[in-house]
Amino acid sequence: LSYSLLGQDEFWDGDHRGSYDVDYNIGSALLRASYYFDSWDRDFRPYTSLAFGYFSYRNKVDYLAISAGTGNFKSTLKDNKVGLAPNIGFLYNLSDELCFDMNLRYIYIPNLSDEINTYSGLDKLSLPELSIGLFYRF
């Protein structure tokens, strides 16, 4: 399970007749298969994986007009799709139970809804994510 909050407020700041509050959210429930490569160092374990599953995408835009001639608006676009997420990374053993985990994941969600395509021009979503964390072995 994962959740991503993608901030892009500065992307929307081109129009100086108002201010934008923008939230992009992606939630996912994925089934992942990983392959761990052999390494010259027992503490360092590079891996690759492929995840397949459910993605929930939400784009919320609130516009507050600050000049005459423009109106306020709010828009929320949602879509739920099946997608892929290939991943490369490595684990570094800190102890018998704890590892440092760093990986790069590429999210690919094809065939977004017509509503999202019409509003944003996106027919698919593809973006990289860098993840840094701790991996605990039970």
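How much area does the chain expose, and what share of it do carbon and sulfur atoms supply? In this predicted model, the chain exposes about 9100 Å², with 57% supplied by carbon and sulfur atoms. As for what is tucked away, 31% of the 138 residues in the chain are buried.

The overall layout is easy to follow. The chain has 1 helix and 6 strands, and reading from the N terminus the order is β-β-β-β-β-α-β. Contacts often reach across the sequence: of those with a separation of 6 or more, 59% join residues 24 or more positions apart. How sure is the predictor about all this? The average pLDDT of the chain is 81, and 78% of the residues score at least 70. Confidence is lowest in strand S1 (residues 2-6), where the mean is 56, and it peaks in strand S5 (residues 98-109), at 92.

Next comes the nonpolar core. The largest one has 13 residues, and the ones with the most contacts inside it are Ile26, Phe55, Tyr57, Ile107, Ile109, Leu125 and Leu127. Four elements, strand S2 (18-36), S3, S5 and S6, each give two or more residues to this core. S3 provides the largest share, 4 residues. This fits a broader pattern: in soluble globular proteins, nonpolar side chains tend to be buried together.

Strand S3 (residues 44-65) is also home to Gly53. With a relative accessible area of 12%, Gly53 falls under the 20% cut-off and so counts as buried. What surrounds Gly53, once its neighbours within four places in sequence are left aside? The answer is Ala29, Leu30, Lys81, Val82 and Gly83, which are all in contact with Gly53. Take Ala29: it sits 24 residues away from Gly53 along the chain, yet the C-alpha atoms of the two are separated by 5.9 Å.

Charged side chains get a small part too, as the count comes to 1 salt bridge. The partners are Glu129 and Arg105, and their closest N and O atoms are 2.7 Å apart. This pair links distant parts of the chain, 24 residues apart, with Glu129 in strand S6 (residues 125-136) and Arg105 in strand S5. Are these two partners buried or exposed? Glu129 has a relative accessibility of 15%, so Glu129 counts as buried. Arg105, at 14%, is likewise buried.

How values were computed: Residues numbered from 1 in each chain as written. Predicted model: local features only at pLDDT ≥ 70, side-chain atom pairs only at ≥ 80, totals over all residues. Heavy atoms only, no water. Buried < 20%, exposed > 50% of the residue type's maximum accessible area, 1.4 Å probe, protein only. Contact = heavy atoms within 4.5 Å. pLDDT = per-residue confidence, 0-100. Salt bridge = Lys/Arg side-chain N within 4 Å of Asp/Glu carboxyl O. Core = buried A, V, L, I, M, F, W, Y, C linked by side-chain atoms within 4.5 Å. Areas by Shrake-Rupley, 256 points an atom, 1.4 Å probe, with all protein chains shown as cover.
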